[in-house]
Amino acid sequence: ANGRAGPGATRAAHFADGEREALVLTRAAVGAQPVPGPVFVDEYDTTVVVPPGWSVRRDAATGTLVLERDRGN
């Protein structure tokens with residue numbers, strides 16, 4: 001109901017800097033405001049991985065997920 005995929009809404013993931021807990025969201029829960037990684041965006045046919053140092057937002061006009069690298073990285 002809140003757009004989070006599954007109970008707990010986090011999942012362990014291994015990245016270059018080690019293991020981290022990643023937020024898990026549905027595509028519908030991603031809005032126009034950037035969500036900082038690590039994030040998994042679960043869809044019916046795929047999972048989009050947003051690593052640490054990146055963020056994800058959804059373009060309002062097209063519904064496209066936009067991943068952007070943080071300026072400091």
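Which side chain meets Arg20 in a salt bridge? Keep that in mind while you select residues in this predicted model. The stops below are salt bridges, and the structure holds four of them.

**Stop 1: Arg20 and Asp17.** Select Arg20 and show its side chain. The partner is Asp17, and the N to O distance in this salt bridge is 2.5 Å. Now turn on the surface and look at Arg20 again. Its relative accessible area is 33%, so Arg20 is partly exposed, a class that lies between under 20% for buried and over 50% for exposed.

**Stop 2: Arg11 and Asp42.** Select Arg11 next, then Asp42. Their side chains form a salt bridge, with 2.7 Å from N to O. This pair links distant parts of the chain, as the two residues are 31 residues apart. To see this, colour strand 1 (residues 10-15), which holds Arg11, and strand 4 (residues 39-42), which holds Asp42. Arg11 is partly exposed, with a relative accessible area of 33%.

**Stop 3: Arg57 and Glu68.** Select Arg57 and Glu68. A salt bridge joins their side chains at 3.5 Å, N to O. Here too the pair links distant parts of the chain: Arg57 belongs to strand 6 (residues 54-58) and Glu68 to strand 7 (residues 65-69), with their positions 11 residues apart in the numbering. Are these two residues buried, partly exposed or exposed? Arg57 has 22% relative accessibility and counts as partly exposed. Glu68, at 32% relative accessibility, also counts as partly exposed.

Definitions and conventions:
Residues are numbered from 1 along each chain as its sequence is written. This is a predicted model: local features need pLDDT of at least 70, side-chain atom pairs count only at pLDDT 80 or more; totals for chains, interfaces and linings use all residues. Side-chain values use heavy atoms; hydrogens and water are left out. A salt bridge is a side-chain nitrogen of Lys or Arg within 4 Å of a carboxyl oxygen of Asp or Glu. Helices (H or I, at least four residues) and strands (E, at least two) are DSSP runs, numbered from the N terminus. Buried means under 20% relative accessible area, exposed over 50%, partly exposed in between (1.4 Å probe, protein chains only).
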